[in-house]
Each structure stands twice: as structure tokens, then as C-alpha cells.
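I opened a fresh page for this protein and kept my entries short. Here is the model I was looking at.

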Amino acid sequence: MDLIIGFLAGFAGGLGVGGGGILLLYLTAFAGTDQLAAQGINLVFFLPAAVSALFLHIKNGFVKWKTAVFAVLFGIPGVFIGSFLAEKIEPTVLRLIFSLLLLFIGTRELFKKES
């Protein structure tokens, strides 16, 4: 089952729809992994998946470099702050925050007008 979930998460990540979300849901809800360990596994999984997908997206001209640089510059400090806070927050609260974030994003995408 882990191989199938890994493949599906990689496939979704390659499409740009957040394979890490699928992997985190599987690890926490079905595999019994605690939230912080699941996040760590997700980060290790993300590196090769992101490099592979990025190479193909660059090759096909799908990267908006100005937006990407902006996201990286502000994302790096966010990673350090988020990692620090994740260790301080109780696991049940962390799961609740993650669940609410997924619910918010899913609802937003469901009702988003196509541009």
C-alpha cells in the first residue's frame, strides 16, 4: 500500500496539485504516523519529486520566474518559523490546523472562478 500511495502522491505532485497533502493524509490517518514525523517524511519525499517536476516544468516553459523568486525569498524564512512553531504546538492542535487549512483550500478551489 505504501508503494501505491507514494506513486499517487508523486503523480499528484508532478501535476502540481500537492502530492504532499495526499501523503500527509495517508501517513497520519491510515498509517498511524504522528504529525511531526509525517511532515518530516513528506519533506524527504518532496525533494526528489519537486526536482523532477521542476525540471519538466522549466523545460515546458511553465515557470513564472518573477513569481517563483518572490515565493522562494519569502518561503525560506516561513519554513524556519513554521518548523520552530510546529515543534511547540501540541500534535492534536497541529492536526486541527492542518485539517482546517486543507478544508479552506479545498473549499476555495471548489468555488474558484476559472481565469
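My entries below go from the whole chain down to single residues.

**Entry 1: the overall picture**

I noted at the outset that this is a predicted model. I then looked up the secondary structure and found five helices and zero strands. Reading along the sequence, I wrote the pattern down as α-α-α-α-α.

Next I checked the dimensions: the C-alpha trace spans about 40 × 35 × 30 Å along its principal axes. The exposed surface came to about 9100 Å², with carbon and sulfur atoms supplying 75% of it. I also asked what share of the 115 residues counts as buried. The figure is 15%.

For contacts, I took those between residues at least 6 apart in sequence, and 43% of them join residues at least 24 apart.

**Entry 2: the nonpolar core**

Which residues make up the largest nonpolar core? I listed eight: Ile-5, Ala-9, Leu-23, Leu-24, Tyr-26, Leu-27, Ala-38 and Phe-98. Two elements give two or more residues to this core, namely helix 1 (2-15) and helix 2 (19-30). Helix 2 gives the most, with four residues. I added a reminder to myself that in soluble globular proteins, nonpolar side chains tend to be buried together.

From the core I picked Ala-38 and looked up its neighbours. Leaving out residues up to four places away in sequence, Ala-38 touches Leu-24, Leu-27, Thr-28 and Thr-33.

**Entry 3: Thr-33 and Asn-42**

Thr-33 had just turned up beside Ala-38, and I followed it. Thr-33 sits in the loop between helix 2 and helix 3. Is this loop residue buried or exposed? Thr-33 has a relative accessible area of 19%, so it counts as buried, the cut-off being under 20%. With residues up to four places away again set aside, Thr-33 touches Leu-27, Thr-28, Ala-38 and Ile-41.

I moved on to Asn-42, which lies in helix 3 (residues 35-59). Asn-42 counts as buried because its relative accessibility is 13%. What does Asn-42 touch, beyond residues up to four places away in sequence? I found Gly-20, Leu-23 and Leu-24. Leu-23 and Leu-24 were already on my list for the core.

**Entry 4: a nonpolar patch on the surface**

I turned to the outside and looked for nonpolar side chains there. Met-1, Ile-4, Phe-7, Leu-8 and Phe-11 make a nonpolar surface patch of about 580 Å². One of these, Ile-4, lies in helix 1. Helix 1 was also among the elements giving two or more residues to the core.

**Entry 5: two distances across the chain**

I looked up Phe-46, which is in helix 3. Phe-46 counts as partly exposed because its relative accessibility is 47%. How far apart are the C-alpha atoms of Phe-46 and Ala-9? They are separated by 9.4 Å, with the two positions 37 residues apart along the chain.

My other distance involved Leu-85, which has its place in helix 4 (residues 65-88). Leu-85 is partly exposed, at 42% relative accessible area. The C-alpha atoms of Leu-85 and Phe-55 are 32 Å apart, and these residues are 30 apart along the chain.

**Entry 6: aromatic pairs**

How many aromatic pairs does the structure hold? I counted two. One of them is formed by Phe-70 and Phe-74, a tilted pair at 4.8 Å centre to centre with 50° between the planes. Phe-70 and Phe-74 are four residues apart in helix 4, so about one helical turn separates them.

I checked both for exposure. Phe-70 counts as exposed at 54% relative accessibility, and Phe-74 counts as exposed at 58%. The cut-off I used for exposed is over 50%.

**Entry 7: the salt bridge**

Last, I went through the charged side chains, and the count came to one salt bridge. The side chains of Glu-109 and Lys-112 meet in it, at 4.0 Å from N to O. Glu-109 is partly exposed, with a relative accessible area of 44%. Lys-112 is partly exposed too, at 46%.

Conventions:
Residues are numbered from 1 along each chain as its sequence is written. This is a predicted model: local features need pLDDT of at least 70, side-chain atom pairs count only at pLDDT 80 or more; totals for chains, interfaces and linings use all residues. Side-chain values use heavy atoms; hydrogens and water are left out. A nonpolar core is a set of buried Ala, Val, Leu, Ile, Met, Phe, Trp, Tyr and Cys residues joined through side-chain atoms within 4.5 Å. Buried means under 20% relative accessible area, exposed over 50%, partly exposed in between (1.4 Å probe, protein chains only). Contact means heavy atoms within 4.5 Å. Patches are made of residues with over 30% relative accessible area and no salt bridge: like charges are joined within 9 Å, nonpolar side chains (Val, Leu, Ile, Met, Phe, Trp, Tyr) within 5 Å. Accessible areas come from the Shrake-Rupley method with a 1.4 Å probe; for residues, only the protein chains shown count as cover. Rings of Phe, Tyr and Trp (its six-membered ring) pair if their centres lie within 6.5 Å; planes under 30 degrees apart count as stacked, over 60 as edge-to-face and the rest as tilted.
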